Amino acid sequence: EGSDSLFPLIEEVTEEEFGGAPDYLASAMPREALNQAVKNVNELLTDKRFDPQYEGLDGNCVTMEEMQGRLRVGLKTKAVVLLLLHLGRLQTAKHKGAIVYKVSG
């Protein structure tokens with residue numbers, strides 16, 4: 001996993017990192033729920049790389065809509081994204097005029 005991989009994935013968030021996140025973000029969900037979301041986003045990224053329906057798309061980025069569909073945590077999807085951006089796991093990018101989220105690394 002992580003940036004050593006040919007296909008980078010998001011690394012799980014450690015307790016120390018989570019403890020350093022601002023309260024308004026950390027209070028949105030427990031670390032265990034965030035790491036479950038990380039696993040689900042990693043599955044989405046992997047699907048995008050190997051599923052013919054995503055052919056031609058950048059397999060290293062996801063949209064908010066894709067994450068909402070995969071995570072099924074409703075409004076907390078935004079909290080997941082904000083936490084992962086704050087912790088340096090994701091970064092924003094533009095793809096065909098839309099904002100997407102790429103794995104950092």
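These legends go with four close-up views of a predicted model.

**View A. Arg49 and its partner Pro8.** Look for Arg49 in helix H3, which covers residues 31-50. Its relative accessibility comes out at 16%, so Arg49 counts as buried, the cut-off being under 20%. A polar atom of the Arg49 side chain sits 2.8 Å from the backbone oxygen of Pro8.

**View B. The largest nonpolar core.** This core has 26 residues, and the ones touching the most other members are Ile10, Leu34, Met67 and Leu84. Two or more residues each come from helix H2 (23-26), H3, helix H4 (64-71), helix H5 (76-86) and strand S3 (98-103). H3 chips in the largest share, with six residues.

**View C. Who's around Met67.** Leaving aside residues up to four places away in sequence, Met67 touches Val41, Leu44, Val62, Arg72, Thr77, Val81 and Tyr101. Two of these neighbours, Val62 and Tyr101, also stand opposite each other, with Tyr101 in S3. Met67 itself is one of the core residues that touch the most other members.

**View D. The three-stranded sheet, with H5 lying across S2 and S3.** The sheet is open, its strands run in the order S1-S3-S2, and the pairing is antiparallel. Strand S1 (61-62) and strand S2 (90-95) are the edges, each pairing on one side only. Between S1 and S3 there are two bridges, again in the antiparallel sense. As for the helix, H5 lies across S2 and S3 and runs at about 110° to S2.

How values were computed
Residues are numbered from 1 along each chain as its sequence is written. This is a predicted model: local features need pLDDT of at least 70, side-chain atom pairs count only at pLDDT 80 or more; totals for chains, interfaces and linings use all residues. Side-chain values use heavy atoms; hydrogens and water are left out. Helices (H or I, at least four residues) and strands (E, at least two) are DSSP runs, numbered from the N terminus. Buried means under 20% relative accessible area, exposed over 50%, partly exposed in between (1.4 Å probe, protein chains only). A polar contact is a pair of N or O atoms within 3.5 Å; within protein, one must be able to donate a hydrogen and the other to accept it, and residues adjacent in sequence count only if both atoms are side-chain atoms. A nonpolar core is a set of buried Ala, Val, Leu, Ile, Met, Phe, Trp, Tyr and Cys residues joined through side-chain atoms within 4.5 Å. Contact means heavy atoms within 4.5 Å. Two strands pair if DSSP finds at least two bridges between them. Axes are lines fitted to C-alpha atoms, for helices over the stretch in contact, and angles run from 0 to 180 degrees between N-to-C directions.
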